[in-house]
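Hi,

Here is the structure I said I would pass on. Have a look at it first, and my notes follow underneath.

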Amino acid sequence: MSDGVIIGFDFGEKRIGVALGNTLTRQASPHRIIDSRTVQSRWDGINALVKEWSPVAFVVGIPRHPDGQPHEMTNRCERFARQLEGRFHLPVNRIDERYSSAVVDSDADFIDDEAACIILQQFFNESVSLDV
């Protein structure tokens with residue numbers, strides 16, 4: 001994988017959390033929350049991110065139950081990952097996100113960008129080499 005920015009997503013039907021990181025520092029930070037209530041608002045927000053940051057890859061959290069079984073959102077997140085691949089022709093890494101929201105401050109109203117940050121940081125931590 002080329003050096004550069006990686007965008008991480010915590011996909012939701014109402015909101016998508018976004019985090020940014022790069023392959024050099026291997027550090028993620030929360031960036032923003034995209035309105036996902038309509039397909040148009042979802043892709044407008046993502047298109048703007050891609051134009052601004054020119055990422056080399058994406059990371060998408062894939063939810064599962066604690067026992068590893070698919071969650072009700074698993075198929076939607078997988079579909080979102082495939083759509084990113086099809087639209088932008090960039091690698092999309094999928095990360096098991098079953099505990100990401102649990103470690104975010106649950107008192108916050110919107111934690112989606114923080115959850116995306118945890119997902120992206122997990123990718124960096126688990127990737128011995130970014131040639132994945």
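**What I found**

The protein chain exposes about 7100 Å², with carbon and sulfur atoms supplying 48% of that area. Bear in mind that this is a predicted model. Of the chain's 132 residues, 44% count as buried.

On the overall layout: the protein chain has three helices and five strands. Reading from the N terminus, the order is β-β-β-α-β-α-β-α. If you look at contacts between residues at least 6 apart in sequence, 60% of them join residues at least 24 apart.

The part I spent time on is strand β1, which covers residues 5–10. Six of its six residues are buried, so to speak on both sides: V5, I7 and F9 are buried on one face, and I6, G8 and D10 are buried on the other. Note that D10 is in that list along with G8.

Then there are the partners of β1. Strand β2 (residues 15–22) pairs with β1 in the antiparallel sense, over six bridges. The two form a hairpin, with four residues between them. To find your way around in the viewer, start from F9, which stands opposite V18 in β2.

Strand β4 (residues 57–62) also pairs with β1, but here the sense is parallel and there are four bridges. A handy spot to look at for this pairing is I6, which stands opposite A57 in β4.

So that's β1: buried on both faces, paired antiparallel with β2 and parallel with β4.

Cheers

Notes. Residues are numbered from 1 along each chain as its sequence is written. This is a predicted model: local features need pLDDT of at least 70, side-chain atom pairs count only at pLDDT 80 or more; totals for chains, interfaces and linings use all residues. Side-chain values use heavy atoms; hydrogens and water are left out. Buried means under 20% relative accessible area, exposed over 50%, partly exposed in between (1.4 Å probe, protein chains only). Contact means heavy atoms within 4.5 Å. Accessible areas come from the Shrake-Rupley method with a 1.4 Å probe; for residues, only the protein chains shown count as cover. Two strands pair if DSSP finds at least two bridges between them.
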